[in-house]
Amino acid sequence: MRDFVLDQPGGRVVFGAGSLDAVPGEVRALGAERVMLVNDRHSRTTAETVAARLPGLVVARVGRTATHVPEHLAADAVRLARESGADLLVCVGGGSATGLAKAVALETRLRILAVPTTYAGSEMTPIWGLTGDGRKRTGRDPGVRPVCVVYDPVLTLGLPPALSAASGMNAMAHLVEAVYAPRVSPLTVTAAIEGAGALARALPGVVRDPADLAARDEALYGAWLAGWVLGTTTTGIHHRICHVLGGRYALPHAATHSAVLPYATAHNREAAGPSLAPLARALGAEDAAAGLWDLAVSIGAPTSLAAVGMRERDLDEAAALVAAERPVAGVRDLLRAAYAGARPS
Ligand code: NAD
């Protein structure tokens with residue numbers, strides 16, 4: 001008997017090498033007349049290219065972003081959006097740029113067109129996040145999900161191997177947590193397994209040769225699926241831990257996901273039961289947790305919290321903070337295993 005919930009995403013997706021050229025047409029198709037551009041430092045030139053192809057339409061620009069969207073940056077961007085009378089947000093960059101645009105959309109109800117340049121996946125989700133006073137708040141609001149997403153693998157060619165590897169494992173985390181999510185839809189599981197296979201195939205090639213467009217195309221395809229999957233279902237203990245660690249200890253977002261994922265997967269082995277088996281197969285492994293660890297090691301992504309800057313003395317506090325959100329047995333052991341970084345057995 002089937003019993004599931006599917007949060008159906010409604011946006012438009014344009015995918016393919018060279019798709020950046022489609023942005024002006026997509027902006028016009030949305031009927032926008034006053035665009036506010038949001039980009040991270042890396043995507044400044046790309047944003048300038050977009051602006052040049054939208055003569056007279058760009059009324060405001062934000063070029064400063066930060067991980068986990070600090071509240072003061074969001075407040076400044078909201079003010080600029082209001083003062084400029086913008087009617088569309090176009091964000092270009094990683095998850096932090098998308099996150100800032102979402103923070104503006106949350107307050108102003110403006111629509112977003114997103115051009116992602118990492119594998120974070122935020123562009124496909126209704127999830128927003130804001131950080132202040134060492135605490136990250138998140139929520140779901142369909143109004144912040146971009147109405148159009150333009151994926152151009154060419155824009156990811158410059159993503160350095162270490163960032164590519166960590167960001168790829170961040171995407172993988174969305175896929176892993178989907179397969180054992182309560183009441184997950186069969187469509188989501190199918191997409192998750194497809195995405196995991198794509199990332200497992202692509203990431204070694206991306207790291208070996210960051211300019212390999214075919215590998216970049218496959219990795220971004222996996223990342224799209226990961227974002228789609230994240231937007232259609234719920235997350236579990238892995239995302240909760242990364243959320244607490246990111247907000248409280250300012251650890252690097254994608255790298256933290258990479259470091260925690262094999263251990264969160266091992267922690268969930270029993271509860272997940274057979275749902276992890278197709279995932280393991282997609283990874284070419286006997287066991288999903290060990291397969292994720294092997295993949296991370298093979299692409300040089302972090303497999304320990306020590307390696308991403310977590311201090312051992314903070315582990316107990318972190319476990320208490322995670323458990324305070326919702327009590328779960330074994331979080332302290334999970335964090336200790338993630339800190340040590342040995343291959344899950
Ligand atoms: P990021 O956006 O902070 O980018 C990391 C660094 O990479 C930045 O310095 C950026 O300028 C640079 N960069 C981006 N694209 C590049 C490229 N193609 N080449 C070279 N450099 C590039 O990191 P991220 O991992 O993409 O995003 C992390 C943020 O996204 C976190 O705040 C996280 O909470 C959020 N996130 C949200 C969701 C959601 O659904 N709401 C999902 C995933 C991540």
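Select P24 first: leaving aside residues up to four places away in sequence, P24 touches R53 and L54. This is a predicted model. P24 sits in helix α1, residues 23-29. Its relative accessible area is 9%, so P24 is buried. Now add A250 and draw a distance between the C-alpha atoms. P24 and A250 are 226 residues apart along the chain, and their C-alpha atoms are separated by 36 Å.

**Zoom out: the whole chain**

Show the cartoon. The chain has 14 helices and eight strands. Its radius of gyration is 19 Å, close to the 20 Å that the globule rule gives for 345 residues, so the chain is as compact as a globular protein of that length. Align the view to the principal axes. The C-alpha trace spans about 60 × 45 × 40 Å along them.

Switch on the surface. The accessible surface of the chain comes to about 14,000 Å². Carbon and sulfur atoms hold 53% of that area. Colour by burial next. Of the 345 residues, 57% are buried.

Then colour by charge. The chain carries 33 positive and 32 negative charges. How many Å apart are their mean positions? The answer is 3 Å.

A contact map is worth opening here. Take the contacts with a separation of 6 or more: 76% of them join residues 24 or more positions apart.

**Colour by domain**

Select 12-156 for domain 1 and 161-340 for domain 2. Their C-alpha centres lie 25 Å apart. The contact between them takes 24 residues from domain 1 and 28 residues from domain 2.

**Stop: R109 and S122**

Go to R109. Find it in the loop between α4 (95-108) and β5. Check the backbone: R109 is not a glycine, yet its phi is positive, about 65°. Is R109 buried, partly exposed or exposed? Its relative accessibility is 46%, so R109 counts as partly exposed.

Move along to S122. This residue is in the loop between β5 (111-116) and β6 (127-132). S122 counts as buried, at 16% relative accessibility; the cut-off for buried is under 20%. Show its neighbours as sticks. Beyond the residues up to four places away in sequence, S122 touches T98 and K102.

**Stop: R183**

Select R183, in the loop between α5 (161-179) and α6 (186-208). Here is another backbone to check. R183 has a positive phi of about 55° and is not a glycine. What is its relative accessibility? It is 46%, so R183 counts as partly exposed.

**Stop: G195, inside α6**

Follow the chain into helix α6 and pick G195. Its relative accessible area is 0%, so G195 is buried. Which residues does G195 touch, not counting those up to four places away in sequence? Select L175, G222 and L225. Then measure out to A226 in the viewer. The C-alpha atoms of G195 and A226 are separated by 6.2 Å, with their positions 31 residues apart along the chain.

**Stop: P210, past the end of α6**

P210 is in the loop between α6 and α7 (213-232). At 23% relative accessibility, P210 counts as partly exposed. Partly exposed starts where buried, under 20%, ends. Light up its contacts: L157, L159, P161 and R216, with residues up to four places away in sequence left out. For a longer line, pick L292. P210 and L292 are 82 residues apart along the chain, and their C-alpha atoms are separated by 21 Å.

**Last stop: G247**

Where is G247? Look in helix α8, residues 237-249. G247 counts as buried, at 9% relative accessibility. Its contacts, not counting residues up to four places away in sequence, are G134, R135 and K136. Show these as sticks. Finish with one distance, from G247 to T67. The two are 180 residues apart along the chain, and their C-alpha atoms are separated by 9.6 Å.

Definitions and conventions
Residues numbered from 1 in each chain as written. Predicted model: local features only at pLDDT ≥ 70, side-chain atom pairs only at ≥ 80, totals over all residues. Heavy atoms only, no water. Helix = DSSP H or I, 4+ residues; strand = E, 2+ residues; numbered from the N terminus. Rg over C-alpha atoms; globule rule 2.2 N^0.38 Å. Buried < 20%, exposed > 50% of the residue type's maximum accessible area, 1.4 Å probe, protein only. Contact = heavy atoms within 4.5 Å. Areas by Shrake-Rupley, 256 points an atom, 1.4 Å probe, with all protein chains shown as cover. Lys, Arg positive; Asp, Glu negative; His and termini not counted. Charge placed at Lys NZ, Arg CZ, Asp CG, Glu CD. Domains from an automatic or database assignment.
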